[in-house]
Amino acid sequence: MADDTTRPPRRMLRDAQPAELFSAIPQLGDLVKLRPRPDEDGLVFLARLRASTTPEEAVTYTAFAALPGAATGWGYECLRLMADHLQPQERQTMQRIATWLAEPSIRQRHEIMREALWAPTRSPSVLLALAVGWSTGGPAPNDPERAPAHKTPVALNSAVLSCLARAQLSRRSYYLARFLDMAEALFRAY
């Protein structure tokens, strides 16, 4: 059995450059108005989005640029950072997602998805649970088809931005900066 030092690093980002990503997943262009320059890499484009008049688009871009499994982990960390803004009933969903992130299983992912689909409201944690459900395979045991490429990022984007909207206006820029610091770390590492 190989130890961690001999395993290849886990990929966290899609291979596509930003311009290619906009072409491959057209829904990204519906949500992000600023366009990447030809040959601009992901980190540079993320920085440009962050410095724009709509820095929230950097959240959206990160949700699409990261591979679905990594993106859900990043989204979980964003929501965890704002745990005080989650409703008490959301904590159980967050715990299930944390368990799945630590040891992902198909059964757990399907259970998380089922609970999210039947949830009475689309809270940030429920939206994150939907992202988990679509992230790494079919959303249900009887549905082996993978979800379209835009499903996880759209749900994740909605989860993070709806949680951000719960913060007082004076604190939103603080949380957004923290989210984007974590996103930059993801881009720098991978």
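Me: The expected span of a helix is 1.5 Å times one less than its number of residues. What span should helix α7 (residues 106–117) have, and how far apart are its end C-alpha atoms?

Reply: This is a predicted model, where local features need pLDDT of at least 70 and side-chain atom pairs pLDDT 80 or more, while totals for chains, interfaces and linings use all residues. Residues count from 1 along each chain as its sequence is written, and side-chain values use heavy atoms, without hydrogens or water. Helix α7, a DSSP run (H or I, at least four residues, numbered from the N terminus), has 12 residues, so it should span 16 Å; its end C-alpha atoms are 16 Å apart, which agrees.

Me: Which residues of α7 are called buried, and what do they pack against?

Reply: Gln 108, Arg 109, His 110, Ile 112, Met 113 and Ala 116, because buried means under 20% relative accessible area (1.4 Å probe, protein chains only). They pack against α6 (90–102) and α8, with contact meaning heavy atoms within 4.5 Å.

Me: How do you know that Glu 57 has no salt bridge?

Reply: Glu 57, in helix α4 (residues 56–65), is buried. Its nearest side chain of opposite charge, Lys 33, is 6.5 Å away. A salt bridge needs a Lys or Arg side-chain nitrogen within 4 Å of an Asp or Glu carboxyl oxygen, so Glu 57 has none.

Me: What does the backbone nitrogen of Lys 33 lie 3.0 Å from?

Reply: A polar atom of the Glu 57 side chain. Among the contacts of Glu 57 beyond four places in sequence are Leu 31, Leu 34 and Leu 49.

Technical notes:
Helix = DSSP H or I, 4+ residues; strand = E, 2+ residues; numbered from the N terminus. Buried < 20%, exposed > 50% of the residue type's maximum accessible area, 1.4 Å probe, protein only. Lys, Arg positive; Asp, Glu negative; His and termini not counted. Polar contact = N/O pair within 3.5 Å; in protein donor to acceptor, adjacent residues only side chain to side chain.
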